[in-house]
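The exercises below are meant for a reader who meets this structure for the first time. Please try each task with the sequence and the model in view, and then compare your reasoning with the worked solution.

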Amino acid sequence: MAIPTRNILSLCAGVGGLELGILLALHCRGEAGRGICYVEREAAAAASLVASMEAGWFHPAPVWSDLATFDGRPW
């Protein structure tokens, strides 16, 4: 049986703490989550997101740097 997977689109993501909490909560419910895109303008926080992806904490996904120009409709 396949595990249900929820897609997560994160606005003002910071370093991804809220997303990690969501992933853990989904895991406790027997579900999975996958970050599909992150929007974060602060360079240090975006770099931390990328490092977390490289370390395997988050699935690889784009990191968008400008919320004003981000169009979430395709996601």
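The model is predicted, and the solutions should be read with that in mind.

**Exercise 1. Work out how tryptophan 64 and phenylalanine 70 are arranged, and whether each is buried or exposed.**

Solution. Begin with the geometry: the ring centres of tryptophan 64 and phenylalanine 70 lie 5.9 Å apart, and their planes stand at 65 degrees. Planes over 60 degrees apart count as edge-to-face, so this pair is edge-to-face. Next, take the accessibility of each residue in turn. Tryptophan 64 has a relative accessible area of 39% and is therefore partly exposed, whereas phenylalanine 70, at 13%, is buried.

**Exercise 2. Describe the aromatic pair of tyrosine 38 and phenylalanine 58, and say which parts of the chain the pair ties together.**

Solution. The structure holds two aromatic pairs, and the one asked about here has ring centres 5.8 Å apart with planes at 45 degrees, so the pair is tilted. To place the two residues, note that tyrosine 38 belongs to strand E2 (residues 32-39), while phenylalanine 58 sits in the loop between helix H2 (43-55) and strand E3 (63-64). The pair therefore ties together parts that are 20 residues apart in sequence. Finally, tyrosine 38 and phenylalanine 58 are both buried.

**Exercise 3. List the residues of the largest nonpolar core, and then find what methionine 53 is in contact with.**

Solution. The largest nonpolar core consists of eight residues, namely Ile8, Ala13, Leu23, Tyr38, Leu49, Met53, Phe58 and Ala61. Tyr38 and Phe58, which appear in this list, are the partners of the tilted ring pair. For methionine 53, set aside the neighbours within four places in sequence; what remains in contact with methionine 53 is Tyr38, Phe58, His59, Pro60, Ala61 and Val63. As general background, nonpolar side chains tend to be buried together in soluble globular proteins.

**Exercise 4. Establish the order of the strands in the sheet, and explain why E1 and E3 each have one side without a neighbour.**

Solution. Three strands make up an open sheet, in the order E1-E2-E3, with parallel pairing. Strand E1 (5-11) and strand E3 stand at the edges and have a single partner strand each, so one side of each is left without a neighbour in the sheet. Looking more closely at one of the pairings, E1 and E2 run in the parallel sense over seven bridges, and asparagine 7 stands opposite arginine 34 in E2.

**Exercise 5. Trace the salt-bridge network that includes Glu31, and describe the exposure of its members.**

Solution. A search of the whole structure finds four salt bridges. One of them joins the side chains of arginine 6 and glutamate 31, at 2.8 Å from N to O. Because arginine 6 lies in strand E1 and glutamate 31 in the loop between helix H1 (17-28) and E2, this pair ties together parts that are 25 residues apart in sequence. The side chain of glutamate 31 also meets that of arginine 29 in a salt bridge, at 3.3 Å from N to O, and in this way Arg6, Arg29 and Glu31 are linked in a network. As for exposure, glutamate 31 is buried at a relative accessible area of 11%, arginine 6 is partly exposed at 44%, and arginine 29 is exposed at 60%.

Terms used
Residues numbered from 1 in each chain as written. Predicted model: local features only at pLDDT ≥ 70, side-chain atom pairs only at ≥ 80, totals over all residues. Heavy atoms only, no water. Phe/Tyr/Trp six-rings, centres within 6.5 Å; stacked < 30°, edge-to-face > 60°. Helix = DSSP H or I, 4+ residues; strand = E, 2+ residues; numbered from the N terminus. Buried < 20%, exposed > 50% of the residue type's maximum accessible area, 1.4 Å probe, protein only. Pairing = 2+ DSSP bridges. Core = buried A, V, L, I, M, F, W, Y, C linked by side-chain atoms within 4.5 Å. Contact = heavy atoms within 4.5 Å.
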